[in-house]
Structures are given as structure tokens and as C-alpha cells.
Amino acid sequence: MSQELTQRLTAELERIPLIDPHSHINPHAAASTTLADILGYHYYTELAHSAGLPKAQIEEPGLDPKEKVARLVPKLAELDNTAQYSWLLEMCGTFFDFHDEHITGDNWERLYDSALQKMSQPDWEEQVLQLSGLERVFLTNDFDDPLEGFDTERYVPCLRTDDLVFHLGKPETRNRFQQATAVEIKDAASLETGIGKLFEHFTARGARACAISLPPDFSPRPVDGSVADRAIQSLLGGNELSSADAAHVSCFVFWTLAEKCAEFNLPFDLMIGVNRGVYADGVYQGQDLFDKRTSLINYRRLFNAFPSVTFPISVLAQTSNQELVSYSWIFPNVVTNGHWWYSNIPAFIEQDCRSRLQAVPKTKQIGYYSDMYKLEFGLPKFAMYRRILASALAADFVIGRGWTETRAVELGHLVLRGNVEQIFQIS
Amino acid sequence: MSQELTQRLTAELERIPLIDPHSHINPHAAASTTLADILGYHYYTELAHSAGLPKAQIEEPGLDPKEKVARLVPKLAELDNTAQYSWLLEMCGTFFDFHDEHITGDNWERLYDSALQKMSQPDWEEQVLQLSGLERVFLTNDFDDPLEGFDTERYVPCLRTDDLVFHLGKPETRNRFQQATAVEIKDAASLETGIGKLFEHFTARGARACAISLPPDFSPRPVDGSVADRAIQSLLGGNELSSADAAHVSCFVFWTLAEKCAEFNLPFDLMIGVNRGVYADGVYQGQDLFDKRTSLINYRRLFNAFPSVTFPISVLAQTSNQELVSYSWIFPNVVTNGHWWYSNIPAFIEQDCRSRLQAVPKTKQIGYYSDMYKLEFGLPKFAMYRRILASALAADFVIGRGWTETRAVELGHLVLRGNVEQIFQIS
Amino acid sequence: MSQELTQRLTAELERIPLIDPHSHINPHAAASTTLADILGYHYYTELAHSAGLPKAQIEEPGLDPKEKVARLVPKLAELDNTAQYSWLLEMCGTFFDFHDEHITGDNWERLYDSALQKMSQPDWEEQVLQLSGLERVFLTNDFDDPLEGFDTERYVPCLRTDDLVFHLGKPETRNRFQQATAVEIKDAASLETGIGKLFEHFTARGARACAISLPPDFSPRPVDGSVADRAIQSLLGGNELSSADAAHVSCFVFWTLAEKCAEFNLPFDLMIGVNRGVYADGVYQGQDLFDKRTSLINYRRLFNAFPSVTFPISVLAQTSNQELVSYSWIFPNVVTNGHWWYSNIPAFIEQDCRSRLQAVPKTKQIGYYSDMYKLEFGLPKFAMYRRILASALAADFVIGRGWTETRAVELGHLVLRGNVEQIFQIS
């Protein structure tokens, strides 16, 4: 009974057109052109590498897409247990009419070719959006992205700020900043002026969020202007910054971003907990890990200082979920946001989804985002989440609390879509 | 089958009269007088505030109870997913014959009035206890509580010591101490003498526990008398204490409390992990959060030093549950105690309850306490726990290990009631 | 349906002969000789002590085995909820035809005597292996174990190195080292030479792994030879080492072990997170606990520095499981290994098992090891794990992803046995 109930709820949730509030889609090349775009996703390359495929084989310069797939396919047998592999099969089934139980040395060429045929159709991007039920997709734009040449209604700009906060020490970053803003960084004041110009540009082009990923030990705080000035001088002087000065610069920029979010009325997506480059010899985008010893208490001053800024928070460590639930339960400006990266597998989503539904006001939960690089991944990722959401709604609300199915679906709608519209002010 | 089994076990557990081993009940006004006493519980005010209701509207001085409810009710629609809201409906159903699916702008006045009528009955307190199956309720008494004017058999005194350990720097605390003990704090020795007098007073009035809540970074240790003397001198001199001296005073008082617990044969309830005032502009009692980076290893010296003192331990972070299970599994004087605050929702209780039942001697588990401020909350909170307990007994013991239902209920009885009697020496 | 499916999968998994990749078996006395060998396992003595049985009664010198059992049995009633007690009943049922619901003061002597009769049979060890489906069992050998007088095909040697890394300051350890290697430790070079001799000895006798347990705060790093020399000089001088020097020595030895694992092509089992002697007055082997504030980020340099060494990792804290999953997902040389000690109860195994199956390449998961001291424990421990594994395979793979039962059993086979053969190079 419970299984049929879950299926009914899933079916209802599938009818809701989606707004994906976080992705890495390139709006100029949103869909894949070959199966290599799909199998080249770091989830597959890193798992194949982890299972023993040498990095050099995966990342050989000038590698032909078909040859890349040919090299990855034999390793899939060792990954076929993973949730990521199940996404692959779901994509191949829905998009390419591929219904074999496995992708193997015997059948991959057929799959490759039928995928190529589909992807070559001029409306492939439209087809993917249609089949996936995706209406809009948020982007992750570099701060110097011109945001031109694409439909910003469909692909919603989002100002990504990691480079500004953590890499201002690189001359390249400062050059890009000057190009983008026509402001030369001389001190704290000019830096703030330039950041303001970025916000003007992004909001004029329809940006709906500012976003950043943060390491586990980051702890935002305001930085006195004169302290920031001195640290920036040192940075401009080309010096290797002391760790104290580097922290001053990062905190100054971060705090300024929060101020601009308040001024420009933008939510500030915080993705908390990633250590970059932990596995230095890992494949592209497969080098980052984390230290679970982090706490949202680090953000205490921030949340208190900016009551008018909404902070959609993603946590990398599943052990951070209860803090996220509790901080969202108390702070009006903290909302839960999706199931990020290493926490984005059913065993973790199930627990995290249930506790959020049980303890955070329902208007303060952004259920899911795809985090995808290519458009095809929206389908299986949202499908995975929807099944888990439906299962939680069935067990805890319809069965556990006697809710009608209609009411449970309404809650699902809010978490899947309604809150995205509300929080990011999508008309 | 499993669902019916759980229902049968729940029904059996419902027949067990309860002793609630921790609450914040005021024995002079135990039950609510209007619905505002219920909706004014911080679980509702903080969630409503988190969902957007301004604090000023909730905490307006002199606010009429009915008006307060009128302001909170519209926000309930945004919280109706929470476990807390389900408690509210369960109370309204059982106590006030209110069986609507929602509490809304259209029906709340009817509810308010019928609640008022019930609560105005002279035996309302008795009715609540009766309907809730509550026999006795532990209190949380300030150290200077005269403990007079109420039935200490029904409302069991408990010496709460946060003020002594963490706020002795406030002249007000020391004045209250002197009033209560007739001892003026001059040094470590007089402080200890006074604390002894508090224990005499409390145990003479039937106190069954000493209790305290502790921040995540607290680490108890003995403090040399001369070190304590110097720190106390500094404190008496009205100085802002250095953090080292503040820690000396806190640790000295805490260690003295443990010594007195040994001397007076009282369990020492430790509620570990709360950071006070994290959200400074939060509503009353809705400002506290936590840092999950804490460990019971901080209590290593304490548990070793006081083998004769039983420490019922509550942890705020769900990620601390396994440590609690493991420390209780090894240390004879450590017992598990309830599901506290941010861990008191089904998704967390289920996991914590199961692991405790699987790994801690069954005589060392205090299943649940209400933590309530008003008597009506005992009913839905214990009901929530009982359903989860029954479900764990069904799955892991009756189905998983072939136990008879009778035996499973006996285990449930022990955890719900028997251990409370044994550990707190309730005759 | 799901329950019957799980039973079918369990039955299939039961047909797989086991290789137990970690135990503390004494190959010269692998099986028990009386029930006291079983009830004397620290899981029972520590739980009985935790429930109130004085240590002095359990560890009285010269205590007769039967008297020891007589003292422990009355406490079992307080532990009969634990997973550990269920192991006991399962052993008594399968091995000794004991099918009473409880072990009590009334029936234990009968059980003791029938166990004694069985255990006295000359082929008892063979019977246990046969009934348990155990083909081979890995040992935990002291570095100076001669590894003689037993069948190293059946009982696979494993070089345990805690003493070398953490107790080289003890003259006794150095004496044992000199005896075993014919090398006197004079400096870093001679220490390394001696360690090389240990590896030669162990691999010549069929060792398949090097292993160590590590405290939560250990963080391996290479140590410069001259720094190591100075620290070793200080150690040889009989000085109490500074904590810095102690860390230098530990890290030097540890790093040298990793180098030798690379040279000798041995996996290096890391068992991460135990604090020794936390409860100083606990029973034998019942004194250790943990601090959950640890992270695999501490092993970042190690994993990067030794790409050719496989590190099967066990974590003591369940809150470390997601890190283990994520590090195994990314690092080719990190594999998940079993469910260790305080995490070895169903409530934790279930979660950890599911997340590993969903996110780590299937060839990189060692499902389970017994950690047993006496051979009889393999049966109930592996049985517990197999049931949980079957349940996860049923829910997440057969039902959740439409796998055939055959395919699910193949995954189970890999995790239970295939990967042990592959990773430890068992022919």
C-alpha cells in the first residue's frame, strides 16, 4: 500500500514544471553534443579513476569524444552499483531509447551513435527541457560574464563569487575585475565600488542570486576599512599574503558581497564545506573533498548582521544537516537548499529530507537543484529527489499524520517549485 | 502486519503511567490558562518568527492573550508541516475536541473559546494529568527556589545550576545565593559551604536530581582551591574576569556540584551542547543554537572521578548520539537521557532510539522527558516518542529478533518508566 | 514481499564461503575451550560492568572459568536488548543446541556443560569453521610474532604496528624489536632497516596486510631524517619525549611503514579514531572510547604520497562514514573496510552499508570483518551483517532499481568475499 501511495505521489510531483535553482549550465551550449559530454561529467570520470582508470587515459589532450567513451565504458561495470550510474541508465533510457540492463563493450557504440543522432537534432536542447519538465535553469556565472547572447528568462544568471573572495591575490583575477567593472582596485573603497558595479550589471541582466562555495574553516566577519586597506596594499604589492591578511581580504570581500546582496535585494547562496584540491592528482573536478569539522556557528555574525538578506544554505557534509535544520528553524533569513554533491545520494537525502520536512517552516525549504553541467542531468537527478520526497511525504505525512494526498502533493509542490519562485523572486 | 504490530505495542505502552523526568513546569501554575500559553511556547513563536512574523508583534508588552493568538494563527499555515504543529493539533483534539484539519483565521476563535472554557475549570490541571497519563513531573528549580506551596510528590524538585556555574559573576546571582543559603561568598570554601546548604534544602524537599545545561566547549576539571580562591577574589572585586579565571570559577563550581551529588546521592543531569544567544534578535527562548563540534571526551575526567554519581546525559546534536551510546555502554555511571530540543523530532529520535536499544544496557536508558513549560505538552510529546519506541520494538525486537510482544512491551516499560524510578530513586 | 525477498537474498549470501579479513584470533588456540572464553569477550564483560557488576568480580585473579560465567550470567538480563546478547544466543543455538529464550541462573549450567562437551571434541575448531562457513581468517600479529606452528593459509598473518608507532619509547618495545630483527635501533636509518626486516619476515610467512589503530588526532606526515634522528636520540636517552618529539617518532615510523607497504606490495589497514584508556577503571579491553572530532583530511598527505598502496579504512565514529564514502569515491587507493566496534550495531551498519553501496565503486568495498578473539564469534557477526546487506540489496537494488536477484547476490558476493580476495591478493 505504502509503495503504491509513493508511486501516486511521485506521479503527481512529476507534473510540476521545474525551476532548477542551481546549475553549471553553459547557456551557449546547454545540452550535450556527444555521449562524451555525459560520460565526461566528473561523477563518472572520478569514479572510473577511483576504480583504477589512469587519469592520463581520461584526460589525454585532444582525445576524440568517441574514444573517450570507449575508454570509460569498460570501467562502468565497477560502478554500476552507484546512484550516478543509475542516472546514466535513466538518461539513456529516456533520451536515447536505450533499455539494455548494462552499458558494455558490446552495446556502447550503438548507444553512442543513437545519442549522437538525437543530440544533432537542432531542437535537442528544447527536447531535453521538455522531457525533463524544466522551465528555467539557474546558472553559475563568473563575475566577468557579459551575460549576453542567451535568454536570461530561461537561463537565469547568478553571480558566482569564489574568485573574488579567495583569488583576488591572482593578478589575473584583478585584471578580469578591472575589465568587467572599469574600476582599478586601489583600496577597500575602490574594491567595494567595483563590486557594486558587478551587482548592477548582474541584476540588470536578471540575476536572481549571488553564490559562493566556502571551505570548512571559513568564518565571515566584518573587516575594518583601514585593516582591509593595508591587506589590499600588500596584495597589490605582489606579496605573498600572510594568512591573516589573506583572511582579511577574503572576509572584507565576502562581507561587502553580503552588503550588496542587501542593497540589491539578492539572496546569497552559501555552499559550505568544500576543501579544494585535496587529491591533487585526481581528474578534473574530482579533486575536492571535505573536513566534516565545521559548524554553522561560524556564520553567526553574518546571519545576525544581515537580517534582510536571505541565505539559502547548502552543506557538503551530511553531519551538518541537523545544524542547517536548526539554524533555518530559528533564523528567518536562513533557508535550506538542496542536497549537495557528496550528500546527493539517496541514503543521505532520505534522512536530510525527512528532518527538514519535520522541523523547518515549509516556506523555507528549497528542495533540490541539479548542480548539472549538461542539461541532460536534470532529468535523473530531479527524478531521484522526487521519488525520495514522495516517499517521505507518504510515510511521514499521509500515513504518519493522516494528511490527504492532495495536501501532501501541495507540500511537495512548495518544496520543489513554489519556494524557488518565492525566494528568488521569479515572477 | 508490521503496522498493526506497532499499533498493538503503542496501545500497550499507552497504559503505562508516566513519570516525566525533566520539565520546566511551574508547579504553582502548571496548566495553561488560555491558548496563548500553548501558542506562546517558544516552539511556535520561534517558528512563526522564522517564517517571517516580526518579533515586535509577538512580544509586544502587555499584549492580550487572545490578540497574541490572533497574530500567531495566520503564520501556522507555514508551519503545518512541522512536528511541533502536529503536537498542537493533537493537544487541541484531545483536550478541546477540536478536530478540524487546520487552525485558521476562520476557526481559531472557536478553538480559543473552547480552550478557555476547559482551562477555566477548577480541576483542569487534574484533567490534563489524567488524560496524559502523567503521574509525576520533574521540575527545573532555580537554586534559590523555596520549594514551597506545592506537592513535591507530584512535582518533583530538581536543582538547576546553570546560574551558579556560569553566572556567578553577576552580583544578582551572588545576592540570590546569599539570600538562599545565608552564606556570603568569600572564597572557595564559603562557596562550597553554601552549595552544600542548597543541596540540604533541595534534598529535604524531595529533590531527585541536580541538573545543568552546558555549552559545546565546556570541559569539566577539578580546580585547585588556591586557584579557585584567586579567581573568586577577582570576581568579587567586580572585575571582568579573564576567560581563564571565568573557566576556573565555572569548573570549580561544577566540580563542587558533582562532589555534592556524590555526597547527597543525587543524579547529575547533564544537558550538553547549547550555545546561548546565538540569534540575538530572536524571540524569547528562540535564540539558542549549537556547534556540533563537541565531544563527550571533554567529560572523561568527570566520569572517572565520580563513579558513584549517575550522569543522565542529554546531547543537543544528533551527531553526538553515537558517543552517548558508546560512553553509556562503557561507563557504569553514564546513562542516556531523552531526546533533547533540536534532536526531538521523529527523524532523529528514530535513529537515536534504535541505536540505544541495540547497544546500551536496558537499565541505563531514560527514554524520554517532555522538557515542557506547560502541562498540556506532555501528552503529544510522549505520544510521539511512544509511537517511535513501539515502531523500533516492533521492527528490531519482535520481527527482527523473534521476541514476544509481551517481552517487547516490558522493554518499553523499562525505558519509559522503570528506569526513571530506579535511577532517580522514586519509590 | 520485501521481507521474503530479503530472506531469499540472505539465504543466497549464506552460501558464500567467507574470508574474514580482520580478527584477533590466536591461531594456536583459535576456538573456545569453555563458555568463559565466550562470555569473557570484552563485549560482555564491559556491558556487565557498565550495568553494575564490579570489575573485581570479573577479573579476580585465578578465577575459575565456570565461576566467572556464574558471576556474569545474572547480569545478562540487563543486557538482553543488545545486539551483543543476540550474538550470544545465536552462538548457543547453533553450536550448543541451546534454544531457551534466555540464559539465566536456572539454565546456564546446562549450557556451560554442553558447551564444554562440544568444545572438548578434538575437531571443535574444524566444526566451528565448518558451521560458520569460514575458509580463512586474518590475524593480528605482534611485530615480533614468529608466525610459526600454524597453517598460514587458513590463518593469514597480518603485521600489527601500533606498538612500533606509539610505544617505541618503551624499552620493552625496543628490546622486542631488536630480538625480532637483529637490528639495534640507533637512528632513523637503523629503525627503517629493522622495519624492513619485519616486512621480509611477515611477507615470507604469507602476511597479506599491515595494520594499525590510530587515535582521532593522528595526522601522518613525512619526517625529515635529521629530525627523526634527533627525536630517536632523545628517546634512546631514556628521556620523557616532548609531545613534538613523540609525534616526530610516531610519524616517522608510520611513514616508513607506508613506504614498506609500497615496497612489499601490502595493503595498509587503517583503523581510525580510538582513544585508549579513557575509562581507566574499566574492564580489560573495555576502557577505550573516542572523540568524534576527527577527519580523514588528516590523511590527505598520506593518500597523495602513496598512490600504489591500498588503504582499507575503518572508522570508529559513525559520523565519519560519509567522509570514508567520499574519500573512497575519489581516491583510487582508499577502500571502505567493515563496520568497526562502536559502529558495529545494526542501526549504524544499515546506514553505512547503504551509502557505501550507493556511492563507492563496488570493487572498493570490503563489507565486513569479525574483529573476533575467539572463532565462535564469526558466525553471529557475519550473520548480522549478511542480513543487513541482504536488506539493503533488496530495498535499494532489487526493488529500488529493478535489479534481478541474481545480480544483487553478485554484488553481495563481491562485497562479502570477492573484494577481500582481490584487495589482499588471496589466490
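## A strand at the centre of chain A

In β6(A), D269(A) is the bridge partner of A211(A). The model described here is predicted. Residue A211(A) belongs to one of the two covered faces of β5(A), and this strand has partners on more than one occasion in what follows. Strand β5(A) pairs with strand β6 (residues 268-272) of chain A in the parallel sense, over five bridges. Strand β4 (residues 158-160) of chain A also pairs with β5(A) in the parallel sense, here over three bridges. In that second pairing, the residue opposite A211(A) is R160(A).

Is strand β5 of chain A enclosed or open to the surroundings? Six of the six residues of this strand, residues 209-214, are buried, so the rest of the structure largely encloses it. In a regular strand, side chains alternate between the two faces of the sheet. On one side of β5(A) lie A209(A), A211(A) and S213(A), and on the other lie C210(A), I212(A) and L214(A); all are buried, and both faces are therefore covered.

## The surroundings of R160(A)

R160(A) is located in strand β4 of chain A. Its relative accessibility is 12%, and R160(A) therefore counts as buried, the limit for a buried residue being under 20%.

Which side chains does the side chain of R160(A) meet in polar contact? One is the side chain of D162(A), at 2.5 Å. Another is the side chain of S213(A), at 3.5 Å; S213(A) is one of the buried residues of β5(A). When neighbours within four places in sequence are left aside, R160(A) is in contact with a set of residues that includes H22(A), H24(A), T140(A), N141(A), D142(A) and F143(A). The set also includes A211(A), I212(A) and S213(A), as well as M271(A) and R276(A).

## An open sheet in chain B

In chain B, three strands form an open sheet in the order β1-β2-β3, with parallel pairing. The edge strands are β1 (18-20) and β3 (155-156) of chain B, each of which pairs on one side only. Strand β1(B) pairs with strand β2 (residues 134-138) of chain B over three bridges, in the parallel sense. Within this pairing, D20(B) stands opposite V137(B) in β2(B).

## How the chains are related

Chain C is superposed on chain A by a rotation of 120° with 0.0 Å of shift along its axis, and the RMSD is 0.0 Å. The two copies are thus related as by a three-fold rotation axis. A rotation of 120° with 0.0 Å of shift along its axis likewise superposes chain C on chain B, with an RMSD of 0.0 Å. The copies use different surfaces, for 9% of the contact residues of chain C recur in chain B.

Why can chains C and A be said to meet through different surfaces? Only 10% of the interface residues of chain C are also interface residues in chain A, so the copies do not meet through the same surfaces.

## The contact of chain C with chain B

The size of an interface is often given as the accessible area lost when the parts come together. Chain C and chain B bury about 3400 Å² between them, of which 53% is on carbon and sulfur atoms. S50(C), N81(C) and K292(C) supply 19% of the area that chain C buries against chain B, more than any other three residues. The contact involves 45 residues of chain C and 40 residues of chain B.

Between these chains there are four salt bridges. In one of them, the side chains of D80(C) and K362(B) meet at 3.0 Å, N to O. The elements of chain C that give two or more residues to this side are α3 (42-50), α6 (83-96), β8 (289-290) and α16 (346-359).

## The contact of chain C with chain A

Here the contact takes 40 residues from chain C and 45 residues from chain A. The two chains bury about 3300 Å² between them, 53% of it on carbon and sulfur atoms. Q322(C), W329(C) and I330(C) lose the most area to chain A, and together they account for 23% of what that side buries.

How many salt bridges cross the interface of chain C and chain A? There are four salt bridges, among them that of D80(A) with K362(C), whose closest N and O atoms are 3.0 Å apart. There are also 31 residue pairs in polar contact, both residues being at pLDDT 80 or more. Helix α15(C) gives the largest share of the side of chain C that touches chain A, namely eight residues.

How values were computed. Residues numbered from 1 in each chain as written. Chains lettered and ligands numbered in written order. Predicted model: local features only at pLDDT ≥ 70, side-chain atom pairs only at ≥ 80, totals over all residues. Heavy atoms only, no water. Least-squares fit on C-alpha atoms with pLDDT ≥ 70 in both. Contact = heavy atoms within 4.5 Å. Buried < 20%, exposed > 50% of the residue type's maximum accessible area, 1.4 Å probe, protein only. Helix = DSSP H or I, 4+ residues; strand = E, 2+ residues; numbered from the N terminus. Pairing = 2+ DSSP bridges. Buried area = accessible area lost by both parts, 1.4 Å probe. Polar contact = N/O pair within 3.5 Å; in protein donor to acceptor, adjacent residues only side chain to side chain.
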